[in-house]
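Please look at the sequence and the 3D structure shown here before reading the report.

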Amino acid sequence: MLDYLITSKTRLRLLIKFFSNPKNQGHLRGLAEEFGESTNSIRKELNHLSEAGLLLKIADNNKIDYKANTEHPLFSNLHDLIQKYLGFDKLLATVLERMGDVNEVALVGDYARGLHTGRLKVQIAGEEVNGEYLERLSERIKELIDNEVEFQVTDQITHPEALFLYQKSC
C-alpha cells in the first residue's frame, strides 16, 4: 500500500534502505549499483530526502555517505511505517505467540541491510523454543506478509548487521 502513496520507486527503496534499520548507510554509486538504477535518479532522490532533513550526509574521503537522521521529528513515524509496510509487526506477533521462552528476535541478511528482496532471514534466540511450531510458522507468515521466511534458532544473536525486532526486558 505504501507504494501507492510514494509513487517514486527509487524514493521508496531509499526509505526502506535507511528507515528499516537506522544503522544502514550508503553512498551514491553503491546505492545505484545495489538498486540497479542510474546515479542520476538516486542523486535526485537523495537530494530531496537530504533537503527535507530526513537523511544526513557524512563526508568520507572522496565520497559522501548517507544515513537516516534519527533526530528528525518524523524518524520514528517513518521507521514504524516502513516496518509495518515490510510486515515486521505481523512477523513478530506471530513468532512471539507460541514460540516458548524467546529472548531476542532479529532480522539478518538482505532486510537488515535495507533490501526488500522478498526473503526474510530471522534469527531467534531463546531457551526451549518450540521448533515444531516454528516449522509450521513459515507458511503461515508467508501468507500474512507475502514474503518467504527462513528461521534460525540460536543461543544468542551476534550478527553485526542484525536488526532487532524484539529483545526481552531483564
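The report below describes two sheets, a helix that packs on each, and one residue in its surroundings. The structure is a predicted model.

## The four-stranded sheet

One sheet of the model is open and consists of 4 strands, which follow the order E6-E5-E4-E7. The pairing within this sheet is mixed. Strand E6, covering residues 148-154, and strand E7, covering residues 163-167, are the edge strands, and each of them pairs on one side only. On average, neighbouring strands of the sheet are turned by 20° against each other, with direction ignored.

Within this sheet, strand E5 is formed by residues 119-127. E5 and E6 are joined by 7 bridges, and their pairing is parallel. One bridge may be traced residue by residue: Gln123 has Gln152 in E6 as its bridge partner.

## The helix on the four-stranded sheet

Helix H7 runs over residues 131-145 and packs on the sheet, where it touches both E5 and E6. Between the direction of H7 and that of E6 there is an angle of about 145°.

## Lysine 142 in helix H7

Helix H7 contains Lys142. Is this residue Lys142 buried, exposed or partly exposed? Its relative accessible area is 35%. Because a residue counts as buried under 20% and as exposed over 50%, Lys142 is classed as partly exposed.

The surroundings of Lys142 can also be described. If its neighbours within four places in sequence are left aside, Lys142 is in contact with Asn147 and Glu148. Lys142 and Leu120 lie 22 residues apart along the chain, and 9.8 Å separates their C-alpha atoms.

## The three-stranded sheet

A further open sheet is formed by 3 strands in the order E1-E3-E2, and here the pairing is antiparallel. Its edge strands are strand E1 (25-27) and strand E2 (55-60), each of which pairs on one side only. From one strand to the next, the twist averages 30°.

Strand E3 comprises residues 63-68. It pairs with E1 in the antiparallel sense, and 3 bridges connect E1 and E3. Gly26 provides an example, since its bridge partner in E3 is Tyr66.

## The helix on the three-stranded sheet

Helix H4, made up of residues 39-51, packs on this sheet. The strands that H4 touches are E2 and E3. The direction of H4 makes an angle of about 115° with that of E2.

How values were computed. Residues numbered from 1 in each chain as written. Predicted model: local features only at pLDDT ≥ 70, side-chain atom pairs only at ≥ 80, totals over all residues. Heavy atoms only, no water. Pairing = 2+ DSSP bridges. Helix = DSSP H or I, 4+ residues; strand = E, 2+ residues; numbered from the N terminus. Axes fitted to C-alpha atoms, helices over the stretch in contact; angles between N-to-C directions. Contact = heavy atoms within 4.5 Å. Buried < 20%, exposed > 50% of the residue type's maximum accessible area, 1.4 Å probe, protein only.
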